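I opened these notes to keep a record of what I looked up, step by step. I take the meeting of the chains before the DNA.

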Number of protein chains: 2
Amino acid sequence: MRIGELSRNTGVPVPTIKYYVREGLLPPGELTSPNQATYGEAHERRLRLIRALLDVGGMKVAEIADVLAAVDDPERPLHKVLGAAADRLGRDDVEHDDAESATARAVVADLVSRRGWRTHESNPAAIDLSKALAAMGRLGHGAFVEVLDDYADAAEQVARADLRYVDRRVAVESMTETVVIGTVLGEAVFSALRRLAHVDASAQLYGADGSQERKPS
Amino acid sequence: MRIGELSRNTGVPVPTIKYYVREGLLPPGELTSPNQATYGEAHERRLRLIRALLDVGGMKVAEIADVLAAVDDPERPLHKVLGAAADRLGRDDVEHDDAESATARAVVADLVSRRGWRTHESNPAAIDLSKALAAMGRLGHGAFVEVLDDYADAAEQVARADLRYVDRRVAVESMTETVVIGTVLGEAVFSALRRLAHVDASAQLYGADGSQERKPS
DNA sequence: CCATCATAGATAGTGGCGCTATCGGATAGC
DNA sequence: GCTATCCGATAGCGCCACTATCTATGATGG
């Protein structure tokens, strides 16, 4: 398959495919002559994965490059791949160093130990969690920690479902790829479900129909 | 309070504050003379909210403008505010019209009716859900629907916790503001918890320590 | 064999976004 | 008066995800 066909099959413009190759998201095609290359099924799959991570997962190109490099590296242990995927939020943003941050970190440490979670507070996810809770604290919503255990229960439930799913699909494709898809797209799925459940739950409580009708622009 | 003090209190640069005012995120200060204005507690609060929505919630400035306009409009019913907050994903992206999309829509319709959720499939969240599931389908992960009910259980649980929290805090501040904070920042919280739970669950299954150690750069 | 089309690889440009810099004129507060 | 600050407006910047253009080469069909 040449690049034009790859483009037609996936709906991704040719220059964009070249861009992804340049950025290391997509391996180059196999050269049959100095300026001809062919692409296979793997490229098509990978291209669809890239678009899903971009469009649905909201990841940045550089992040995708990191994650896919980890997926392609057979040496890389699974939790490192997850780490690369998890570093999405915790980057170079301003470090608040106020009371809320300290409180939030303490809350997280307490939660982790109470849950018996085998993780460390240097885990990017734990840092993200602290940041989110600190932001809520600054907004006068420090009391949100009261529902944290409900959240954690649900998170454990989802995590168990994820693991079960991955386990069931071993050897269908690369397990790391399945993990990435499950982690990133699963987040989008859950987020949508949560919003749907909100509408229903608030309809139940407040009697609105929650139909979300919108003007057809 | 003048703009300089507002800036110092919140850590947001003065030109950025002016930018937010221009974009309609922040109401202008009260003019005491043609070119002097004072700002109050409300501005400080609003500014912190904006930063939280931006930094933690990952929302765009234009989206925040929409949501905050809805928050400030006492006529706007609650579910419309949620709607404005929910339109984050479903925008002008390419409309796939393949078998996966149709399947995904059917799966969502089935889920909604099976759950008895009082919502319509035109709900932005339902559309986002379809898109996410369709993307999974295109990646050969159509079987993900098998865990959808586990996800939905967890989502209902979280939604109930959210409603309980909002209910408990009525009259602390604007309820719509609480809803926005809970919806947007709550998503960040849950996402971090889910990733934490992944690490623990996979450690439990595969014996890795999941410590995610990283080079201190 | 040759016209036409597609391709590889390289470089430069584009549009959107979240700011950031600068400016002219006005005011605050000592 | 004098300095610091401010208002409002306009222009620019840096990043990001592409997109356009170009040259040289190769594939394809009559």
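**Entry 1. The contact between the chains**

I began with the residues in contact: chain A contributes 93 residues and chain B contributes 93 residues. The model is a predicted one, and I read each value below as computed from it.

I then asked whether the copies meet through the same surface or through different ones. They meet through the same surface, because 100% of the interface residues of chain A are also interface residues in chain B.

For the extent of the contact I looked up the buried area, which is about 8800 Å² between chain A and chain B. Carbon and sulfur atoms give 65% of that area.

**Entry 2. Polar links and contributing elements**

I looked up the charged pairs next and noted 10 salt bridges across the interface of chain A and chain B. One of them joins Asp200(A) to Arg118(B), with the closest N and O atoms 3.6 Å apart. Across the interface of chain A and chain B I also noted 27 residue pairs in polar contact, both residues being at pLDDT 80 or more.

On the side of chain A that touches chain B, the elements giving two or more residues are helices H3 (41-55), H5 (78-86), H7 (124-138), H8 (148-168) and H9 (175-206) of chain A. Of these, H9(A) gives the most, with 27 residues. By class, I recorded 46 nonpolar, 21 polar and 26 charged residues on that side of chain A.

**Entry 3. Relation of the copies**

I superposed the copies: a turn of 180° with a shift of 0.0 Å along the axis lays chain A on chain B with an RMSD of 0.0 Å. The two copies are therefore related as by a two-fold rotation axis. I then looked for the C-alpha of chain A nearest the axis and found that of Ala154(A), 2.4 Å from it.

**Entry 4. DNA strand C**

I counted 24 residues around DNA strand C, the closest being Gly4(A), Asn35(A), Tyr20(B), Asn35(B) and Leu54(B). Of the atoms of DNA strand C that come within 4 Å of the protein, sugar and phosphate account for 76%.

Which part of DNA strand C lies 3.2 Å from a polar side-chain atom of Lys18(A)? I found a base nitrogen there. A polar backbone atom of Ala37(A) is 3.4 Å from a phosphate oxygen of this strand, and an N or O atom in the side chain of Asn35(B) is 3.0 Å from a sugar or linking oxygen.

The elements giving two or more residues to the surface near DNA strand C are helix H1 (3-10), helix H2 (14-22) and strand E2 (36-38) of chain A, together with helix H2 (14-22) of chain B. I noted that H2(B) gives the most, with 5 residues.

**Entry 5. DNA strand D**

Around DNA strand D I likewise counted 24 residues, the closest being Tyr20(A), Asn35(A), Leu54(A), Ile3(B) and Gly4(B). Sugar and phosphate make up 75% of the atoms of DNA strand D that come within 4 Å of the protein.

I recorded a polar side-chain atom of Arg22(A) 3.2 Å from a base oxygen of DNA strand D. Phosphate oxygens of DNA strand D lie 2.8 Å from a polar backbone atom of Gly4(B) and 3.4 Å from an N or O atom in the side chain of Tyr39(B).

The largest share of the surface near DNA strand D comes from H2(A), with 5 residues. By class, I noted 11 nonpolar, 7 polar and 6 charged residues on that surface.

Conventions
Residues are numbered from 1 along each chain as its sequence is written. Chains are lettered from A and ligands numbered from 1 in the order in which they are written. This is a predicted model: local features need pLDDT of at least 70, side-chain atom pairs count only at pLDDT 80 or more; totals for chains, interfaces and linings use all residues. Side-chain values use heavy atoms; hydrogens and water are left out. A residue is near a molecule or strand if one of its heavy atoms lies within 4 Å of it. A polar contact is a pair of N or O atoms within 3.5 Å; within protein, one must be able to donate a hydrogen and the other to accept it, and residues adjacent in sequence count only if both atoms are side-chain atoms. Helices (H or I, at least four residues) and strands (E, at least two) are DSSP runs, numbered from the N terminus. Ala, Val, Leu, Ile, Met, Phe, Trp, Tyr, Cys and Pro count as nonpolar, Asp, Glu, Lys and Arg as charged, and the others, Gly among them, as polar. Copies are superposed by least squares on the C-alpha atoms of residues with pLDDT of at least 70 in both. Contact means heavy atoms within 4.5 Å. Buried area is the accessible area (1.4 Å probe) that two parts lose on being put together, summed over both. A salt bridge is a side-chain nitrogen of Lys or Arg within 4 Å of a carboxyl oxygen of Asp or Glu.
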